[in-house]
Amino acid sequence: MLRRTLLSLMACASLLAPLPVLAAPVDDLAQALRLPELFGVLAQEGVSYGADLEAELFPDAGGNRWDAVVAAIHDKARMEAVAMDLLRDELATHPEAVGRMTAFFAAEPGAQIVKLEIAARQAYLDETAKEAAEAAHAEMAAKSDPRLAMIDRLVAANDLIEQNVAGALNANLAFYRGMIEGGAVESSLPDAEMMADLWSQEPQIRQETTEWLLPYLTLAYRPLSDGDLEAYIAFSETADGQLLNRALFAAFDGLFNGLSQELGLAAARMLEGQDI
């Protein structure tokens with residue numbers, strides 16, 4: 001079961017002790033990254049994912065109760081608050097780096113890049129648009145379009161495939177734990193057996209991640225000049241870019257792990273006929 005995670009914003013890292021005095025600079029960075037808009041898209045994705053879970057686990061049995069629970073779990077303001085707390089923790093000891101990150105994304109081409117990424121993510125909510133992006137990417141690949149080599153460099157610089165696969169596996173593990181907590185999965189299930197089941201999903205998750213991510217990035221960056229995309233790659237390869245990448249992955253990994261466990265618990269209660 002694949003928990004679709006954030007395009008280029010998922011990873012694992014340890015959390016640092018919070019230093020509230022640095023909250024304002026990180027909040028400025030969040031505004032430059034247009035994170036409030038992104039959480040709106042993520043909330044819509046969460047509702048869609050909840051419908052997929054219903055179809056898979058208890059077809060046509062969830063009804064309004066399930067819809068309400070899924071919507072509450074993916075409340076935009078709640079998601080934003082959780083992720084921002086984690087992001088502040090991650091960047092708390094790096095105020096100067098945060099300032100440089102903010103400067104990059106508040107000016108061009110950073111501001112345009114963020115705008116395009118969110119617009120493409122919004123477009124991907126429509127299956128027709130998603131399929132069109134996949135077809136366009138396949139056509140570019142067949143022609144060995146040099147733009148795809150640039151996107152591959154960006155993916156490599158931020159380790160996007162591996163980090164997204166790791167994030168999805170972690171989210172799936174959290175979902176299992178929620179199912180166990182809710183009584184839908186035997187709590188006596190050996191850890192080794194559970195981990196083996198999770199790791200058996202890795203090839204499919206990797207394939208789905210690659211098939212989702214590359215067309216998405218191709219769509220998002222299509223309006224960018226080669227020079228602007230090169231600037232983004234160059235930023236991603238800097239110490240600041242790598243720090244931001246790790247911090248965003250950590251924040252969103254923590255967020256989605258929590259959401260996934262809550263969904264697992266809610267799904268288990270639905271399966272067990274309990275009040276959710």
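In this predicted model, helix α4 (residues 76–91) packs against helix α13 (residues 239–271) at an angle of about 140°, and their axes lie 9 Å apart. The two helices are therefore oblique to each other, since only angles over 145 degrees count as roughly antiparallel. Their crossing is right-handed. On the α4 side the contact is formed by R78, M79, V82, A83, L86, L87, E90 and L91. Helix α13 contributes L243, A247, L248, A250, A251, G254, L255, L259 and E262. Of the residues in this contact, 13 are nonpolar, one is polar and three are charged.

Helix α6 covers residues 110–123. With 14 residues at 1.5 Å a residue, α6 should span 20 Å, and because its end C-alpha atoms are 20 Å apart, the model agrees with that expectation. Buried residues of α6 are G110, I113, V114, L116, E117, I118, A120 and R121. The loop between α5 (95–106) and α6 holds P109. The peptide bond leading from E108 to P109 is cis, with omega near 5°.

Two loop residues other than glycine have a positive phi, R34 and D60.

| Residue | Phi | Loop | Relative accessibility |
|---|---|---|---|
| R34 | near 60° | between α1 (23–32) and α2 (35–57) | 27% |
| D60 | near 60° | between α2 and α3 (63–73) | 79% |

At 27% relative accessibility R34 counts as partly exposed, whereas D60, at 79%, counts as exposed.

Terms used: Residues numbered from 1 in each chain as written. Predicted model: local features only at pLDDT ≥ 70, side-chain atom pairs only at ≥ 80, totals over all residues. Heavy atoms only, no water. Helix = DSSP H or I, 4+ residues; strand = E, 2+ residues; numbered from the N terminus. Expected span 1.5 Å × (residues − 1). Buried < 20%, exposed > 50% of the residue type's maximum accessible area, 1.4 Å probe, protein only. Axes fitted to C-alpha atoms, helices over the stretch in contact; angles between N-to-C directions. Parallel < 35°, antiparallel > 145°, perpendicular 65-115°, else oblique. Left-handed = near helix turned anticlockwise from the far one by under 90°. Contact = heavy atoms within 4.5 Å. Nonpolar A, V, L, I, M, F, W, Y, C, P; charged D, E, K, R; others polar.
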